[in-house]
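This report describes the fold and selected side-chain pairs of one protein. The sequence and the structure are shown first, and the description follows.

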Amino acid sequence: MHDHQRLVCALIALLLAVTIAAADTHIHGIVRDSATRQPLAGATVIVEGTSLGAVAARDGVFHLHDVPAGRLRLVVSYVYYVPRTIDVVANDDVRIEVLLSQQLAPMREVVVQGVRRQSATPTQDVVMLTQAEVDEHRGQTFADVLRQVPGITVMQTGPSIAKPMLHGMTGTRLVTLNAGIAQEGQQWGAEHAPEIDPFTPDRIGVVRGPAAVLHGPNSMGGVISVEPRPLTTSTSWMGDVMLQGFMNNRQGAGSIVAERGGLFGTPLSIRMQASGRRAGDARTPDYVLRNSGFAEAAGAVDLGLRLGQWSLTSHARGFATTLGIYEGSHLGNPADLQRAIERGGPATTSAFSYDIGRPRQEISHRLLSVQATGPVSDADRLRFVYGWQQNLRQEFDKHNARIVGRGDDLVERARDSIERLSRALATPAMELLLTTYTADLRWERTILDAWQSQTGISGTRQVNDRSGSVFLVPDYLAHGVGAYTLQTLMMGDLMLSGGLRYDVRWLTADITRRGSRDTVQQNRTFANLAGSIGAAWNATQDVRLSVNVGTGWRPPQVNELYANDVHHGVALYEVGDSTLRPERNLAIDAGVDVSVRGLDLQVTAYMHDLDGYIYAVPEPGNPTVTVRGAFPTYRFIQHDAVIGGIDMKATWAVSETWSVLGTLAVVRGQDVERDVPLFMMPADRGRIAVHAHLPDVLGLHDAFVEAGCTGVRRQDRFVSGEDYVDPPAGYALLDLAAGGTIHLGSTDIRLSCTVSNLLDQRYRDYLSRFRYVALDSGRDIVLRLAIPLNH
């Protein structure tokens, strides 16, 4: 047994042996929305006058242990709901149900399960990941946290780079909101993951459907909204520390948060956060993926000031990471490429290492947003958001051009060649500096509490500066301006919404000709209209129906237009097409939510009819040979297409102890012009899990155990010979999780242990960019520890 495995076993044994089990006075119950009866996961329950409290789990259930016997007062609260106080008499076992009502303030923002929805029209399908659900996956990549949402899959580029895909769409067809503004990086790349610290989100909202009315082009697939926790108004310092350990790549991760309100005796609140992650090479069941480690550091500062009914908030974010790219993905010539595909793994085995060599990526992202909101009359509010971001991406090549030394003799020429080659390899093959400015001004108006109106204008300016020997994307300057309106009418149990938006985008690109290095300027202008209509109906107390129809568009991105070089992160040679026109889609989705007798069921069906869908297809008979090696060639094409599917999620509370969870996602994509399946569509997948909330076990309060199985079918909708290899076989992975809370004085320490790929299964996911040459990662054991800090 390896040393790290012995350490993990010892830590698990310690977790199970902590403290001594004891009977206690126990209050447990469930928190629900008073109108819809939906569980309110994440609601807080505090015993007034004490430090005792609990947070409702995903099914709305909460547990309070070791409470004083006798009469107590509970304070139950949830974001954008009216708090309630409840008097109870605590004895050995108290069971209660708490119903909370939504706030009815003028110009309230539409709320779904108590969370602010700035990211969707009121009738759209929104899935919220609560703090408890996000906590289960903290320390992993941001995309891995989103795997819990039906319809979201992940494109992997090795174990350290993960990019979310929603209903078969990714990259510039999805908008990710971070600190209230759209995250702007080089998201066109399949291996360009969102530069978001996984420790930052408090909740995450996913809009599964077009959101162009509020967010403009590039949101035709949906929106992912990262919600920070509300700033505290407490005048005492508080916070928490999170520590995590991962067995597979020996990753250590941690985060510390400190916050307080009433700073300097003013209505100013502050929150500061710092986090870091460090990992070595990942392991498959058979070998180590050499040069697949990463190092990451992030920080955040949030400020909030309330002046009467006006509020001013600012969010600052800093993120930096160094990502190793599996060295077995970069080959020297076509013969090596073919042998690597046939072999399916590394030519030689290597030992584990934390070293990060070439090829690698170094990325930093800085973000600042400022938001001001407040009333200008009893019926009107203004909301202004300004954002600034700067994204620096550097990609370092494994190979480089042959450099002939200069000098009068052989020794001098050899020394000069080595020195110049060393300098060349230490210089990024491609460096991209992207600076983005955004602004949005929104006027919100309420008429007779039944009609809500939102009207706004937005603008963006973006500058991309390129340097290095790789010409994958050019220098460019982009501008955009848009105007929109969204109207919502509430008539009893029926809600109707409709909106329109018009956008103009200008692009000026400086195209450098390969070889001559001459520059040609190209100017493009794109303009189009987007719109949506929708309806949601609470048919009964337990059933909600919704339908939405929307149309949106997306201008072709600079890489799709002008790419003509090696894309090092995915080890591909990409070729663009400067004649591409904008995409346009017509989308419809319909959903039903049922909550009855312990069963919560959500089903959503959707379809996108895409005019001029742009995607890259491989040319297996035409690999590109460069001075840096041989690479698979991918070329961007544009055809009409249809993407549709269905998402399902069900939770069945069998008893107070046991519940069964299930999800299913099916996606179908078809190239209508060629009458063939679309390339790189997710395979059908589902998950089923059994969750047990246990009585106190070995001193662990709120103990739980969950066992699950994720099944993925083989993608059998493909064109034979279109790819370098056919899609891999389907697979099934088992996972196991357990945890609970330890009371140490007035401190509640949360512990959990998760085992993924329990049986160390060999598999390759179809959406893995390295599936040609490597297996996916093997078994991983993750230990998580969360310690609150209160002063």
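Strands are runs assigned by DSSP and are numbered from the N terminus, and two strands pair if DSSP finds at least two bridges between them. In these terms, Y606 has G645 in strand 39 as its bridge partner. The model is a predicted one, and its confidence is therefore considered before further detail, given that pLDDT is the predictor's confidence in each residue.

**Confidence and overall composition**

The average pLDDT of the protein is 85, and 88% of the residues score at least 70. Over residues 14-23, however, the pLDDT is below 50; this stretch has 15 contacts in the model beyond near neighbours in sequence. A second stretch, residues 104-117, also stays under 50, and the model has 47 contacts for it beyond four places in sequence.

The secondary structure comprises seven helices and 46 strands. Of the 791 residues, 54% count as buried. Among contacts with a separation of 6 or more, 67% are between residues 24 or more positions apart. The accessible surface of the protein comes to about 32300 Å², and carbon and sulfur atoms account for 58% of this area.

**Strand 39 and its partners**

Which strands does strand 39 join by bridges, and in which sense do they run? Strand 39 covers residues 633-653 and runs parallel to strand 34, residues 572-575, with three bridges between them. One position in this pairing is V575, which stands opposite R635 of strand 39. Strand 36, residues 599-618, runs antiparallel to strand 39, and 18 bridges join the two. The bridge between Y606 and G645, introduced above, has its G645 end in strand 39. Strand 40, residues 658-671, is also antiparallel to strand 39, with 13 bridges. Within strand 40, D671 is the bridge partner of A641. Strands 39 and 40 form a hairpin with four residues between them.

The pairings that carry a stated residue range and bridge count are set out below.

| Strand pair | Sense | Bridges |
|---|---|---|
| Strand 34 (residues 572-575) and strand 39 (residues 633-653) | parallel | three bridges |
| Strand 36 (residues 599-618) and strand 39 | antiparallel | 18 bridges |
| Strand 39 and strand 40 (residues 658-671) | antiparallel | 13 bridges |

In a regular strand the side chains alternate between the two faces of the sheet.

**Two open sheets**

Three strands form an open sheet in the order 11-12-13, with antiparallel pairing. Strand 11 (152-156) and strand 13 (169-170) stand at the edges; each has a single partner strand, so one side of each is left without a neighbour in the sheet. Strand 12, residues 162-166, pairs with strand 13 over two bridges in the antiparallel sense. M165 stands opposite T170 of strand 13.

Another open sheet contains five strands in the order 10-16-17-14-15, and its pairing is mixed. Its edge strands are strand 10 (126-129) and strand 15 (181-182), each of which pairs on one side only. Strand 14, residues 174-178, pairs with strand 15 in the antiparallel sense over two bridges. In strand 15, I181 is the bridge partner of N178.

**Aromatic pairs and charges over rings**

The structure holds five aromatic pairs. One of them joins F352 and Y354 in an edge-to-face arrangement, at 5.0 Å centre to centre and with 85 degrees between the planes. Is each of these two residues buried, partly exposed or exposed? F352 counts as buried, because its relative accessibility of 18% lies under the 20% limit. Y354, with a relative accessible area of 33%, is partly exposed.

The rings of Y731 and Y763 have their centres 4.4 Å apart and their planes at 35 degrees, so this pair is tilted. Y731 lies in strand 44 (residues 731-744), whereas Y763 lies in the loop between strand 45 (747-756) and strand 46 (780-790); the pair therefore ties together parts that are 32 residues apart in sequence. Y731 counts as buried at 11% relative accessibility, and Y763 counts as buried at 14%.

Two charged side chains are placed over aromatic rings. R360 lies over the face of F396, at 4.0 Å from the ring centre. The charged end of R769 sits over the ring of Y634, 5.7 Å from the centre of that ring.

Note on methods:
Residues numbered from 1 in each chain as written. Predicted model: local features only at pLDDT ≥ 70, side-chain atom pairs only at ≥ 80, totals over all residues. Heavy atoms only, no water. pLDDT = per-residue confidence, 0-100. Contact = heavy atoms within 4.5 Å. Phe/Tyr/Trp six-rings, centres within 6.5 Å; stacked < 30°, edge-to-face > 60°. Buried < 20%, exposed > 50% of the residue type's maximum accessible area, 1.4 Å probe, protein only. Lys NZ or Arg CZ within 6 Å of the ring centre and 35° of its normal. Areas by Shrake-Rupley, 256 points an atom, 1.4 Å probe, with all protein chains shown as cover.
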